[in-house]
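Me: Could you take me through one part of this protein slowly? I'd like a close look at some charged side chains.
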Amino acid sequence: MTVEALAQATAAANALQAHLTSPDAYALLGELHLISATCLTQDRKRSGKTRAEEVRSHLIEAADLADRTGETRAWHLNFGSTNVGIHHVSVNTDLGLHGEAVTHLRGREAEAVAALLTAEQIAPQRIHANVPVRNTVEYLADRQLPTCAARDLRGLAHRIGLSL
């Protein structure tokens with residue numbers, strides 16, 4: 001299933017390359033890179049190092065495209081730097097690269113809380129059942145946060161079933 005999804009995302013991205021005429025097309029291509037990165041985390045046929053390199057490449061491409069598009073709801077995708085940041089944490093956590101995942105957060109913990117809350121508004125079912133999100137919430141709970149962000153994080157933790 002994962003290999004097929006990766007192949008489909010790659011084929012769609014290759015086809016779309018010839019039609020990048022609008023910000024909406026860039027957003028769709030960015031989302032395809034995020035899908036590819038997510039699929040690669042589960043592809044056990046590749047070595048861990050190869051998977052990590054390929055995931056990093058897709059994240060870089062998605063981040064570059066997010067810089068072009070800004071935050072957008074084109075194609076109902078909610079693509080932008082926030083979504084790329086969430087994927088950065090998620091896929092690196094899935095790969096077991098926890099240090100890489102949290103370096104994206106250092107000094108930006110309050111932004112991370114805000115991004116998690118945005119993701120929860122967009123797709124609560126995905127956020128509430130996501131192990132990397134739970135791990136991120138636990139990590140953030142041990143950080144110094146502004147009062148408002150700490151309160152919001154406690155609320156999110158409660159909604160996903162964590163007692164902090």
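Me: Which residue forms a salt bridge with R46, the closest N and O atoms being 3.1 Å apart?

Reply: That one is E54: R46 and E54 form a salt bridge, and their closest N and O atoms sit 3.1 Å apart. Keep in mind that you're looking at a predicted model, so the distances here are computed from its atoms.

R46 has another partner too. It forms a salt bridge with D43, where the closest N and O atoms are 2.1 Å apart. Put those pairs together and you get a network of salt bridges linking D43, R46 and E54.

Now let's see how open each member of that network is. R46 is partly exposed, with a relative accessible area of 28%. E54 is also partly exposed, at 27%. D43 is another story: its relative accessibility is 5%, and because buried means under 20%, D43 counts as buried. So R46 has a buried partner in D43 and a partly exposed one in E54.

If you want something to set beside this network, try R151 and D152. Their side chains meet in a salt bridge as well, at 3.5 Å from N to O. R151 is partly exposed, with a relative accessible area of 47%, and D152 counts as partly exposed at 25%.

Zooming out, the structure holds 6 salt bridges, and the ones we've walked through are among them.

Key: Residues numbered from 1 in each chain as written. Predicted model: local features only at pLDDT ≥ 70, side-chain atom pairs only at ≥ 80, totals over all residues. Heavy atoms only, no water. Salt bridge = Lys/Arg side-chain N within 4 Å of Asp/Glu carboxyl O. Buried < 20%, exposed > 50% of the residue type's maximum accessible area, 1.4 Å probe, protein only.
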